[in-house]
Amino acid sequence: MSIKVATRAHIPVLANETVEALAVQPGGRYVDCTLGAGGHAAAILEKSTPGGQLLGFDADPEAIKEAKTRLEAYKYSTLLLNENFVNLQAICLKYDFFPVHGILFDLGLSSLQLNSDERGFSFQHNSPLDMRFSPNQEVTAADIVNTYSETELAHIIRTYGEEGYHRRIARHIVQKRPIETTSQLARIIGQAVSIRRGRIHPATRTFQALRIAVNHELENLEVALKQAIELLGFEGRLVVISYHSLEDRIVKQFTRQRAREEQPRLRLINKKVIIPSEAEVQRNPRSRSAKLRAAERIITQSEQYMTTEKYSFSAAVEGTGWRRPALLQKLRRTFAAAI
Ligand SMILES: C[S@@+](CC[C@H](N)C(=O)[O-])C[C@H]1O[C@@H](n2cnc3c(N)ncnc32)[C@H](O)[C@@H]1O
């Protein structure tokens, strides 16, 4: 029964752990880069009341509609935009929404997308091979499957799907083209790889690979992480929840590298990844592969000269900080100089 509920609505993964890792505080300013159905955003807003503000992104217009409904009660403290987080920095600058106390990425796709019988993310539904997060993107999964060379397909399936049978699958795909639907593709992969790996369907990894390629997921994450660090105020927190090893590797390397530099800009909050409890996995099976990493923006030696006062966000918030125009202006000036 609980599984049925979980597959329909999107249940936020590691919600309490996320709010804690972001160190959400009343009056804080937060960016949710992956709004989805707005579950994490709601938890952040609840904890940052009074005075909290949230700027939310999702590339998927359907997600924005869903999140707007869910966050109706917070409409005066939220700005929810149908944007790709690869533009994180430009958008925060445009809306003068920096520095911020916390930035969240809850990567991958939502249950709304996975369960849709039109979007092509899952072979459980027969639908056109689309897989785009946004209808504005040009390239669909069908374009990749039907026009890429066998070598290119094998490369995508191996790199993004970590699929050992990449060559065999690519060969079968090329032989059976054109392929228009998810069911057709799943059947062809099933014929190429007749071995089942436990409960995992042979098409799972290829579908993941195509989705990552269609949405440039890994490239976008790398770009956005670099931007995020520029937007965080001192003591601001970066939290990333990832669902497969490739994403997690990027986050791990990025945060570790920034924490080990000669002038470190990040401090790791959790050296070991945070994973869901058994109870959460039972309640929400989608959470089983989740890994949460968190880091805090620290002030470097070269940044210390910029301000004589401790440029601390908790200090700014105390005493209704963000609502004091003079303090806000000063913080923005100092921050703009740092970017
Ligand atoms: C796992 S869901 C987020 C769920 C959300 N935290 C909640 O509690 O409902 C991931 C969302 O991120 C969005 N997304 C993925 N990559 C994106 C990108 N580069 N830019 C903007 N949104 C993105 C997807 O469209 C999807 O809605």
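This briefing walks through a ligand site, a set of paired strands and a pair of helices. Keep in mind that the model is predicted. The ligand has 22 residues around it, strand 7 pairs with strand 5 and with strand 6, and helix 8 crosses helix 9.

**Around the ligand**

- Start your tour at the ligand, where the closest of the 22 surrounding residues are P12, T34, G36, G39 and A59.
- Sorted by class, this shell is made up of ten polar, nine nonpolar and three charged residues.

**Strand 7 and its partners**

- Next, look for strand 7, which spans residues 291-297.
- Strand 7 is mostly covered, with six of its seven residues buried.
- One partner of strand 7 is strand 5 (residues 232-242), and six bridges link the two in the antiparallel sense.
- To see this pairing in your viewer, find V240, which stands opposite R293 of strand 7.
- Strand 6 (residues 266-268) also runs antiparallel to strand 7, and three bridges join them.
- Here you can pick out L266, whose bridge partner in strand 7 is R297.

**Two crossing helices**

- Now turn to helix 8 (residues 150-161) and helix 9 (residues 166-176), whose axes come within 8 Å of each other.
- The axes of helix 8 and helix 9 cross at roughly 135 degrees, and therefore helix 8 is oblique to helix 9.
- As for handedness, the crossing of helix 8 and helix 9 is right-handed.

Definitions and conventions: Residues are numbered from 1 along each chain as its sequence is written. This is a predicted model: local features need pLDDT of at least 70, side-chain atom pairs count only at pLDDT 80 or more; totals for chains, interfaces and linings use all residues. A residue is near a molecule or strand if its C-beta atom, placed from the backbone, lies within 6 Å of it. Ala, Val, Leu, Ile, Met, Phe, Trp, Tyr, Cys and Pro count as nonpolar, Asp, Glu, Lys and Arg as charged, and the others, Gly among them, as polar. A residue is buried if 20 or more other C-beta atoms lie within 10 Å of its own, exposed if 12 or fewer, and partly exposed in between; C-beta atoms are placed from the backbone. Helices (H or I, at least four residues) and strands (E, at least two) are DSSP runs, numbered from the N terminus. Two strands pair if DSSP finds at least two bridges between them. Axes are lines fitted to C-alpha atoms, for helices over the stretch in contact, and angles run from 0 to 180 degrees between N-to-C directions. Angles under 35 degrees count as roughly parallel, over 145 as roughly antiparallel, 65 to 115 as roughly perpendicular and the rest as oblique. A crossing is left-handed if the near helix is turned anticlockwise from the far one by less than a right angle, and right-handed if clockwise.
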